[in-house]
Amino acid sequence: MRVLHHPVLGDLTGQKTVTIYYGEEPVEAFEGEPVAAALLNAGIRVFRKTAKRREPRSVFCAIGRCTDCMMIVDGIPNTRTCVTAVRDGMRVQLQDGLAPVGIAPEAGGR
Amino acid sequence: MRKITAEIAVVGAGPAGLCAALEARLAGADVVLIDENRLPGGQLFKQIHKFFGSKEHRAGVRGFAIGQELLAQVSDSGARVLLDSLVYGIQPDKSMGLLTAGENCLLLAEKIIIASGAKENYTPFPGSTLPGVMGAGAAQTMINVNRVLPGARVVMVGSGNVGLIVSYQLLQAGAEVVAVVEGAPRIGGYGVHAGKLRRAGVPFYLGHTISRAYGDDGVRHVEIARLDERWNPVPGSEFTLDADTICLAVGLNPMTELVWMAGCQFDYIPALGGHVPLHDRNMETTVRGLYVAGDVTGVEEASSAMEEGKLAGVAAAEALGYLDARAAKEKKAEIEARLNRLRSGLFGEKRREAKETQLAAMQRARESEKEVV
């Protein structure tokens with residue numbers, strides 16, 4: 001959910017938007033924002049699943065330290081989505097366990 | 001391998017690093033300021049509240065406004081700024097590995113100032129790894145920088161200033177704060193922040209803790225329990241709140257990886273967030289020519305980080321001959337006086353004592369060094 005109105009920061013207007021894809025699902029994002037912000041805004045909370053117990057994980061620190069928000073972004077696994085900016089047409093996939101070896105980057109076309 | 005050289009390299013462009021770079025550059029040194037993020041400012045830009053202290057510490061000015069001013073001054077100063085650039089390692093000879101613009105470079109500097117900041121603590125409980133559990137600072141980044149609400153109904157754990165301020169900012173952003181949960185029997189932060197929440201009707205559960213969080217693919221319910229005087233949950237006291245987000249405001253710890261790698265000596269000082277590098281009154285560590293500033297030296301807040309940055313910048317410029325001893329002494333005395341004023345009062349006094357412990361440990365380290373020589 002966007003914070004469109006704010007008593008200190010003012011209203012949000014005139015943001016340029018781009019489209020990224022979570023799997024096949026198009027997700028609207030603000031130009032330059034982190035992938036994690038666009039996904040949370042769209043109500044998507046599960047970013048990856050752990051290797052052993054397949055437990056869901058999401059954003060914890062939002063400053064690129066904890067690596068809990070890693071996803072497969074444009075074919076590149078283990079991408080920290082909280083510090084990776086969106087790009088129009090970007091493909092974002094849930095990372096299920098350890099990402100397969102050799103998936104990067106030719107698979108994603110970056 | 002491409003070499004990047006500077007007289008002074010500053011690692012981290014948060015409040016401490018920006019001030020360090022600015023002071024050193026204004027004194028005449030050739031400075032390069034490096035940050036791994038795409039934008040400088042560190043965590044200043046999510047601080048939308050008015051700062052505390054006196055006028056000299058920019059009290060009454062909001063954090064992001066201070067940040068904008070600092071950025072403009074740094075860019076006018078002629079310091080080189082490398083963003084999206086990561087200092088990933090440092091050798092015993094103090095040469096550094098730097099990834100910038102997709103290239104692996106060697107970074108060489110006569111003096112190094114590390115201002116790498118701090119990261120949020122985590123606290124475990126059943127369900128604490130569920131999506132929806134995040135650092136209070138993470139939620140603050142989402143609402144104030146990215147303008148995205150991470151959830152609609154939030155439980156805040158911790159009633160220190162971070163917990164109180166972020167709770168209020170979550171209200172400002174349109175979320176509902178359904179509880180502030182605090183293990184201690186009293187509120188940890190300033191009364192003025194707590195008062196704002198009380199007036200908004202936010203319930204405080206003092207002497208309580210989260211006993212577990214429920215939900216399949218994310219937080220849905222939060223179970224809270226009362227604590228006895230030994231901090232053990234009281235059986236039968238549990239109750240459940242509907243919430244989709246849990247924010248943890250349970251302190252921070254210094255990000256010291258580079259400082260460890262450089263071989264600096266540390267001390268363990270819980271009041272400063274854990275292991276902190278020893279430094280003297282010039283902010284110089286046990287590794288000559290390597291300075292530290294800001295939260296990496298012990299967790300405080302942005303105002304003292306800025307003063308420590310200035311101190312390190314002045315000292316490094318002096319060591320390179322850009323300031324004579326008298327001018328440097330004067331500047332440092334002014335900065336130290338401001339730091340002492342920041343480290344006073346109910347909350348500041350503990351930090352001042354902790355910093356004195358750290359300085360004393362540094363002195364002992366220097367003395368034993370002399371004995372060996």
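**Helices, strands and a chain contact in a predicted model**

In chain B, the axes of helix H4 (residues 161-172) and helix H5 (residues 191-199) come within 9 Å and cross at roughly 35 degrees. Those two numbers are the usual shorthand here, as two packed helices are described by the angle between their axes and the distance between the axes. The crossing of H4(B) past H5(B) is left-handed. On the H4(B) side, the contact is made by B:Asn161, B:Leu164, B:Ile165, B:Ser167 and B:Tyr168, while H5(B) brings in B:His193, B:Ala194, B:Lys196 and B:Leu197. Sorted by class, that gives five nonpolar, three polar and one charged residues. It's worth keeping in mind that this is a predicted model.

Further along chain B come some paired strands. Strand E12 (residues 208-214) runs antiparallel to strand E13 (residues 221-226), and six bridges join the two. One spot to look for is B:His208, which sits opposite B:Arg226 in E13(B). The hairpin made by E12(B) and E13(B) has six residues between the strands, and in it B:Gly215 takes a positive phi near 145 degrees. E13(B) also pairs with strand E14 (residues 239-242) of chain B, again in the antiparallel sense, this time over four bridges. Here B:His221 is found opposite B:Asp242 in E14(B). As a rule of thumb for looking at such strands, the side chains in a regular strand alternate between the two faces of the sheet.

Over in chain A, three strands form an open sheet, lined up in the order E4-E3-E8, with mixed pairing. Strands E4 (56-57) and E8 (95-96) of chain A stand at the edges with a single partner strand each, so one side of each is left without a neighbour in the sheet. Strand E3 (residues 48-49) of chain A pairs with E8(A) in the parallel sense, over two bridges. As part of this pairing, A:Arg48 has A:Gln95 of E8(A) as its bridge partner.

Finally, there's the place where the two chains meet. Chain A puts 27 residues into the contact and chain B puts in 26 residues. On the chain A side, the elements giving two or more residues are helix H1 (35-41) and E4. The largest share, three residues, comes from H1(A). By class, the side of chain A that touches chain B is made up of 18 nonpolar, three polar and six charged residues.

Technical notes: Residues are numbered from 1 along each chain as its sequence is written. Chains are lettered from A and ligands numbered from 1 in the order in which they are written. This is a predicted model: local features need pLDDT of at least 70, side-chain atom pairs count only at pLDDT 80 or more; totals for chains, interfaces and linings use all residues. Two strands pair if DSSP finds at least two bridges between them. Two residues are in contact if their C-beta atoms, placed from the backbone, lie within 7 Å. Ala, Val, Leu, Ile, Met, Phe, Trp, Tyr, Cys and Pro count as nonpolar, Asp, Glu, Lys and Arg as charged, and the others, Gly among them, as polar. Axes are lines fitted to C-alpha atoms, for helices over the stretch in contact, and angles run from 0 to 180 degrees between N-to-C directions. A crossing is left-handed if the near helix is turned anticlockwise from the far one by less than a right angle, and right-handed if clockwise.
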